[in-house]
Amino acid sequence: MTGTPTVARSPPALIPPAGPTPGGTLPLSSIDKMVTALVNLIQVFPPSSLSAARDDQGAAVSAMRNGFARALVPYYPVAGRVAPSGLAVDCTGEGIWFVEADASCALADVDDLDSCPLLIPAELLLPLPPAGEKLDGFILMAQATRFTCGGFAVGISFSHAVFDGQGAAQFLRTVGELARGLPATSVVPVWDRDVFPDPPTSPPQQQLTEFRFVTQVADISAERIARVKDKFKQAAATSTGEGCSTFDAVTAVLFKCRALALAAALPDDAEVGVGFAAGTRHLLRGVLPAVDGYYGSCVYLACFTRTSRAVREAALAELVGAVRVAKDAVAPRRLGFDEVHYGFGVPGYVFPFDDHANFVGMVYYVRPPAPRRGGLRVVLRCVEEPHAAVFAAELAKFA
């Protein structure tokens, strides 16, 4: 490839439901209303059995569009808009904005979208509505970008007011099933947001501090993870003798490395914490008609805190144990974006793109691209530029 890669986009087009859908207004739950931002992610599909011919790729995108149209019938609220009040969804049946695009290069020319920073701007791979349309009410948008090798990148933007991550993945899996010609969805969607009663009083508004987090990516090998697990098991041998999960081990490593990176910026007695969103769908069995079909926000924030000095000086096994205790009452979540199959195979790689989220440090655990399978990739936005190099150096000791 010569020159800078480009992406040519078609004008955004609405995909309405493939059949009649109910109108009216549906309320959002108290949990839905807590986080209302748009969430962005990109699914990378390596070349499949499809040829790189534009006709073949065009047919695949056409099937994908049909999958969205069919999925919007049972998921009819997604074809609507979040009401201006932010408290409900207006079931207008307008549909979702969909963009087709063509990149001037092969995926291999941009490192299969595996590098950080990306060799092609993520903004070019994410959907935008037509000029003049406000983003406030949109529930989901999609962009399918064809690469010259026959691969695809599918950019998704969804409203966290209507979906949590697990719910959005459930919807996209349904799109894939219907795009591949299945006669019906494997999971029947459930709205039922009224099972979460509104709290008697609104939580107080908090003043948030905006940071300038930098995006970093690290691959932690399976061997390194196994070593942390072994250390915890040895430390626990005299008590419970229990093991720990990959999530426990990696979260403890990140917590310690970040504390070490911020050592010069925080006093020893500064309180630092780690929190993670855990799924609570299992607690709704017997409350919802079908828990598996619920696609609204259904998460609980598990967390624990220590002083900065305590985290820096703690044995890693001790921090692993603290993570385990914090998550004991809730269920870990596997979202499932890497299981979506629109008709050209499952993604080789899925990653978030939320560079606008600068109020809370974030870490995303993702499945590494195929050549690095076996370990875990973490996409990090939790330190600012002055501390990024030290954080990366500390993390490299475990990678």
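Two strands are said to pair if DSSP finds at least two bridges between them. The exercises below apply this definition to a predicted model.

**Exercise 1.** Determine in what order the strands β10, β14 and β15 form an open sheet, and which of them stand at the edges.

*Solution.*
1. The order of the three strands in the open sheet is β10-β15-β14, with antiparallel pairing.
2. β10 (216-220) and β14 (362-366) each have a single partner strand, so one side of each lacks a neighbour in the sheet, and both stand at the edges.
3. On average, neighbouring strands of this sheet are turned by 20° against each other, direction ignored.

**Exercise 2.** Describe how β14 is joined to β15, and identify the helix that packs on the sheet.

*Solution.*
1. β15 comprises residues 376-381, and five bridges join this strand to β14 in an antiparallel arrangement.
2. Within this pairing, Val366 stands opposite Arg377 of β15.
3. The helix packing on the sheet is α7 (residues 385-396), which touches β10 and β15. The direction of α7 makes about 5° with that of β10.

**Exercise 3.** Establish whether the radius of gyration of the protein agrees or disagrees with that of a compact globule.

*Solution.*
1. For 399 residues, a compact globule would have a radius of gyration near 21 Å.
2. The protein has 22 Å, which agrees with that expectation.
3. The C-alpha trace spans about 60 × 60 × 40 Å along its principal axes.

**Exercise 4.** State what percentage of the residues count as buried, taking buried as under 20% relative accessible area.

*Solution.*
1. The protein has 399 residues, of which 47% count as buried.
2. As for the surface, the protein exposes about 18600 Å², and carbon and sulfur atoms supply 56% of this area.

Definitions and conventions: Residues numbered from 1 in each chain as written. Predicted model: local features only at pLDDT ≥ 70, side-chain atom pairs only at ≥ 80, totals over all residues. Heavy atoms only, no water. Helix = DSSP H or I, 4+ residues; strand = E, 2+ residues; numbered from the N terminus. Axes fitted to C-alpha atoms, helices over the stretch in contact; angles between N-to-C directions. Contact = heavy atoms within 4.5 Å. Rg over C-alpha atoms; globule rule 2.2 N^0.38 Å. Buried < 20%, exposed > 50% of the residue type's maximum accessible area, 1.4 Å probe, protein only. Areas by Shrake-Rupley, 256 points an atom, 1.4 Å probe, with all protein chains shown as cover.
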